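Reader: Hi! I'm new to this one, could you walk me through it?
Author: Happy to, let's bring it up on screen.
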Amino acid sequence: MKKFALSALVAAMSVAGTAQAGVTDKDIINDQMTVEDVVTNGMGPRGQRYSPMTKINTKTVKDMRPVWAFSFGGEKQRGQESQPVVKDGVMYVTASYSRVFAVDANTGEELWEYNARLPDGIMPCCDVINRGVALYDDLVIFGTLDAKLVALNAKTGKVVWKKKVEDYKAGYSITAAPLIAKGKVITGVSGGEFGIVGKVEAYDAKTGELAWTRPTVEGHMGYIWKDGKKMENGISGGEAGKTWPGDLWKSGGAATWLGGTYDPEVDLLFFGTGNPAPWNSHLRPGDNLFSSSRLAIDPDTGKIAWHFQTTPHDGWDYDGVNELISFDYKANGKTVKAAATADRNGFMYVLNRQNGDFIRGFPFVDKISWAKGLDAKTGRPIYDDANRPGNPADSKDGKKGTSVLAIPSFLGGKNWMPMAYSQDTELFYVPSNEWAMDIWNEPTAYKKGAAYLGAGFTIKPMNDEYIGVLRAMDPKTGKEVWRHKNYAPLWGGVLATKGNLVFFGTPEGYLKGLNAKTGKVEYEFNTGSGIVGSPITWEQNGEQYLSIVSGWGGAVPLWGGEVAKRVKHLNQGGTVWTFKLPK
């Protein structure tokens, strides 16, 4: 602990007016509508990222200004993709290299810091990022780059429990914020580029004891723990080999690297799964379940209630991890219990969240080359076979298949960066990118801990003037209502508020506030480093605050091909910026 931490913590508690109270399941479920705190990633378990606050609005936002900025410090910069949370006047925020900070939310003063001791052999595919913590009782829980879950005491930052989720030497890591549902902490795993087997696991949030594990590749056994005993809980998909050839299901990928959402109304967890391994689809004919899919999972048992596969037999690394957000809308006088997701493959999908039935799907990017459209009844893509990368076995030397131009690139029409849903406009605000890739297949074989791609690629922009596009999408019609273009790719999350504003950040460093109905820019402030984090807002001392983490990095500068030229001059960083209106 820093020497001023105790006095600062006392000050923070006096600011809050009471000693810290533990976060309950009720607090988590009600998070969206309780403005004095933010206790979940997504500002509510459904992940709508919507706030009912109105003090900062289209009339007042021009006066919003920074009140404090907290630096993560040191040489450990790189990408900062975290969303902060706030409870009882204390902000908890993660940083690159599996660090956690507790900060006085009134002054920006550090209360404590936790640094995970990472081994040398970690293998994160897409930067050393972390997307945030979960709060439960008096614990701050997060995942590490060496695939552990760590629970810290919220007051001191001391470790309360620590669990190994998987073997980092096999390519596993954890980058997503954990999810709390019904007293359990739910986590996924990263590592799809290393031939791992994706899974979702539930642990007792207070003790760290494993409750159940559910593999996300067909053929693997799930388990549940009852009275301390490990019991078989059904094979995912019923049996092996139905949609996978040979033994490829044993290293099938389908990583659950973005984490999930939870809908208490239908009592289901929603997790997306990543690409099948390897990328070379000619090695694995079949749909390759449950890769590139959305899964609905029973939080009590870990059983898969339903699935929807966005890209069967994925050959472009389109994944299916992007968040599935619950929302209701009226149609023919009836309430439809829906959920929406904007996929890396360029299509947005609206599903029935009770049973996974396809309601509608539509493009949210300007061009899609790999599919001619979606089947109107099932939502299954209608493939353009000429735009699947060729089979290396058909080439003269057997080393490189025919290259194709695929749109969007594997970084996706939308990648990890979370969209927001406004209950006022009934629109989704989707951070998207317009880019293409040349992609070709190569021979490959699985080796533990080694990259398992079987493909090569070069990413390229589609337009000279912009790559990033923030879009307002109507999920009832599939129509784009407005767009805001950005020169560099968008790679951070979005926040919508009842003040008729949509906030997001850009790689050029700007925090922007747009009119939610028209897309007009109402506010911008440059933070000095590219923003790839997600903003939050809350009320403190009767005032509305807004925070966002700034610090350029993530997958784009690492995998960016020709796109990297647009961002090579951007500076790294690591700062939490906090804003409010002047008194």
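Reader: Let me start with a small one: is Ala-147 buried or exposed?
Author: Ala-147 counts as buried, at 0% relative accessibility. Buried means under 20% relative accessible area, exposed over 50%, and partly exposed in between, using a 1.4 Å probe and protein chains only. Before we go on: this is a predicted model, where local features need pLDDT of at least 70, side-chain atom pairs count only at pLDDT 80 or more, and totals for chains, interfaces and linings use all residues. Residues are numbered from 1 along each chain as its sequence is written, and side-chain values use heavy atoms, with hydrogens and water left out.
Reader: Thanks! Where does Ala-147 sit?
Author: Ala-147 is in the loop between strand 8 (139-143) and strand 9 (148-153). Strands here are DSSP runs of E with at least two residues, helices are runs of H or I with at least four, and both are numbered from the N terminus. The phi of Ala-147 is near 65 degrees, a positive value in a residue other than glycine.
Reader: And what is phi like at Asp-127?
Author: Asp-127 has a positive phi too, near 90 degrees. Asp-127 lies in the loop between strand 6 (110-115) and strand 7 (134-136), and is buried with a relative accessible area of 4%. As background, most residues other than glycine have a negative phi, and most peptide bonds are trans.
Reader: Which peptide bond leading into a proline is cis?
Author: The bond from Ala-277 to Pro-278 is cis, with omega near -5 degrees. Pro-278 is in the loop between strand 18 (268-272) and strand 19 (293-297). Phe-290 lies in the loop between strand 18 and strand 19 as well, and the bond from Leu-289 to Phe-290 is cis, with omega near 0 degrees.
Reader: Switching to sheets: in what order do strands 21, 22, 23 and 24 run?
Author: The 4 strands form an open sheet in the order 21-22-23-24, with antiparallel pairing. Strand 21 (325-331) and strand 24 (358-363) stand at the edges with a single partner strand each, so one side of each has no neighbour in the sheet. Two strands pair if DSSP finds at least two bridges between them.
Reader: How many bridges link strand 23 and strand 24?
Author: Strand 23 (residues 347-352) pairs with strand 24 over 5 bridges, in the antiparallel sense. Within strand 24, Gly-361 is the bridge partner of Tyr-349.
Reader: How many residues of strand 40 are buried?
Author: In strand 40 (residues 575-580), 6 of its 6 residues are buried. Both faces are covered, with Thr-575, Trp-577 and Phe-579 on one side and Val-576, Thr-578 and Lys-580 on the other.
Reader: Which strands pair with strand 40?
Author: Strand 2 (residues 65-71) pairs with strand 40 in the antiparallel sense over 6 bridges, and Arg-65 stands opposite Lys-580. Strand 39 (residues 543-550) also pairs with strand 40 in the antiparallel sense over 6 bridges, where Ser-550 has Thr-575 as its bridge partner.
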